[in-house]
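Work through the exercises below with the structure open beside you. Try each task before you read its solution.

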Amino acid sequence: MRICSWNVRGCNNPLKLREVMDFLKRNHIDVFGILETRIRQGKVSKALDKFMSYRVISNYQHHLNGRIWVLWNLVTVCVQVVEIHGQFIHCYVVHNSTGVFFHATFVYASNDPIARRVLWSSLHQLCGTVQEWSVLEDFNVTRDNAERISSSPSCLSDMLDFNACLLGCGLDDLNCTGCEFTWSNKHEEPNRVWCKLDRALINDPWIRKFPSSSAIFMPAGISDHSPAMVTIFEERIPKAKFSFLNC
């Protein structure tokens, strides 16, 4: 079973939207958070025609640009949307064939540090209502200066606020591979900036229930952010039995 989140940095271009759709299908994603679509609400229905077998929820009612979409495969999972916010969508997910369940929160944090404090407070409130919990992906802040390569360091107060939130919520990074720095401004040197802005966070009940789960941060491709792909468990397909009757 796989959940994924990706800041696509706009997909108004039909070719770019097609790339996002191909990525979804190619990686067999069950629940997919698409961030920063930049698609106006009036054009959503036309864009979603391409995702025929998926149910979609967005946060247009809480943010004019609908910064977050959450899609899920109706065949493989049942998703109940618990709370929609300007900076996150919080869901309860049940895997249809196994009955495995958990909570997942798809985050697209504001660029404004003051607005992010509202997000940190909201995550604190959520943590008391969940058991197995994963939180993905674009937090727009690093945990420490080692997660940034730039001529200027990150703001200390912003990092302290973020780390205090994670500590209070009992969240930490899931074991991961792939891209160490998940965002780049794609400028030429010496103005290039690399940061780890995207994360796959989990709490203790999650790791006790899904000890083999892991994350991979894939190449950014059409975006400036890496997609975060979380594999919870791999479904085993039984091998067909081969029989031979010698008559």
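**Exercise 1. Is Asp 173 buried, partly exposed or exposed, and which salt bridge does its side chain form with Arg 143?**

Solution. The model is a predicted one.

Step 1. Take the accessibility of Asp 173. The value is 27%. Partly exposed runs between the buried limit of 20% and the exposed limit of 50%, so Asp 173 counts as partly exposed.

Step 2. Look at the partner. The side chains of Arg 143 and Asp 173 meet in a salt bridge, 3.1 Å from N to O.

Step 3. Place both ends. Arg 143 sits in the loop between S8 and S9, and Asp 173 sits in strand S10, so the pair ties together parts that are 30 residues apart in sequence.

**Exercise 2. Find the other Asp that meets Arg 143 in a salt bridge, then name the network.**

Solution.

Step 1. The side chain of Asp 172 also meets Arg 143 in a salt bridge, at 3.1 Å from N to O.

Step 2. Asp 172 is in strand S10 and Arg 143 in the loop between S8 and S9, so this pair ties together parts 29 residues apart in sequence.

Step 3. Check exposure. Asp 172 is partly exposed, with a relative accessible area of 42%.

Step 4. Widen the view. A network of salt bridges links Arg 143, Glu 147, Asp 172, Asp 173 and Arg 199. A search of the whole structure finds nine salt bridges.

**Exercise 3. Lys 196 has no salt bridge. Is Lys 196 buried or exposed, and how far away is the nearest side chain of opposite charge?**

Solution.

Step 1. Locate Lys 196. The loop between strand S13 (194–195) and strand S14 (198–202) holds this residue.

Step 2. Lys 196 is buried.

Step 3. The nearest side chain of opposite charge belongs to Asp 173, 5.2 Å away. A salt bridge needs N and O within 4 Å.

Step 4. List contacts beyond four places in sequence. Among them are Val 141, Thr 142, Glu 147, Glu 180 and Phe 217.

**Exercise 4. Give the strand order of the six-strand open sheet. Why do S5 and S10 each have a side without a neighbour?**

Solution.

Step 1. The order is S5-S6-S7-S8-S14-S10, with mixed pairing.

Step 2. S5 and S10 stand at the edges. Each has a single partner strand, so one side of each is left without a neighbour in the sheet.

Step 3. Zoom in on S5 and S6. They pair in the antiparallel sense over seven bridges. Glu 83 has His 90 in S6 as its bridge partner. Val 77 has His 95 in S6. A hairpin of three residues joins S5 to S6.

Step 4. Find a peptide bond in S8. Glu 137 lies in strand S8. A cis peptide bond joins Leu 136 and Glu 137, with omega about 0 degrees. Most peptide bonds are trans.

**Exercise 5. Give the order of the three-strand open sheet and its edge strands.**

Solution.

Step 1. The order is S9-S13-S12, and the pairing is antiparallel.

Step 2. Strand S9 (148–149) and strand S12 (183–184) are the edges. Each has a single partner strand, so one side of each has no neighbour in the sheet.

Step 3. Two bridges join S12 to S13. Ser 184 has Trp 194 in S13 as its bridge partner.

**Exercise 6. Which strand gives the most residues to the largest nonpolar core?**

Solution.

Step 1. The core has 28 residues. Those with the most contacts inside it are Val 31, Val 70, Val 93, Phe 102, Trp 206 and Val 230.

Step 2. Elements giving two or more residues include strand S2 (31–35), strand S4 (68–73) and strand S16 (228–231).

Step 3. S7 gives the most, with four residues.

Step 4. Follow Val 230. Its contacts beyond four places in sequence include Met 1, Ile 3, Leu 136 and Trp 206.

**Exercise 7. What is the sign of phi at His 28 and at Arg 38?**

Solution.

Step 1. Recall the usual case. Most residues other than glycine have a negative phi.

Step 2. His 28 has a positive phi of about 50 degrees. His 28 lies in the loop between helix H1 (14–26) and S2. At 60% relative accessible area, His 28 is exposed.

Step 3. Arg 38 has a positive phi of about 65 degrees. Arg 38 lies in the loop between S2 and helix H2 (44–48).

Step 4. Arg 38 forms a salt bridge with Glu 36, the closest N and O atoms being 2.7 Å apart. Arg 38 is partly exposed at 44%, whereas Glu 36 is buried at 16%.

Notes: Residues numbered from 1 in each chain as written. Predicted model: local features only at pLDDT ≥ 70, side-chain atom pairs only at ≥ 80, totals over all residues. Heavy atoms only, no water. Buried < 20%, exposed > 50% of the residue type's maximum accessible area, 1.4 Å probe, protein only. Lys, Arg positive; Asp, Glu negative; His and termini not counted. Contact = heavy atoms within 4.5 Å. Core = buried A, V, L, I, M, F, W, Y, C linked by side-chain atoms within 4.5 Å. Pairing = 2+ DSSP bridges.
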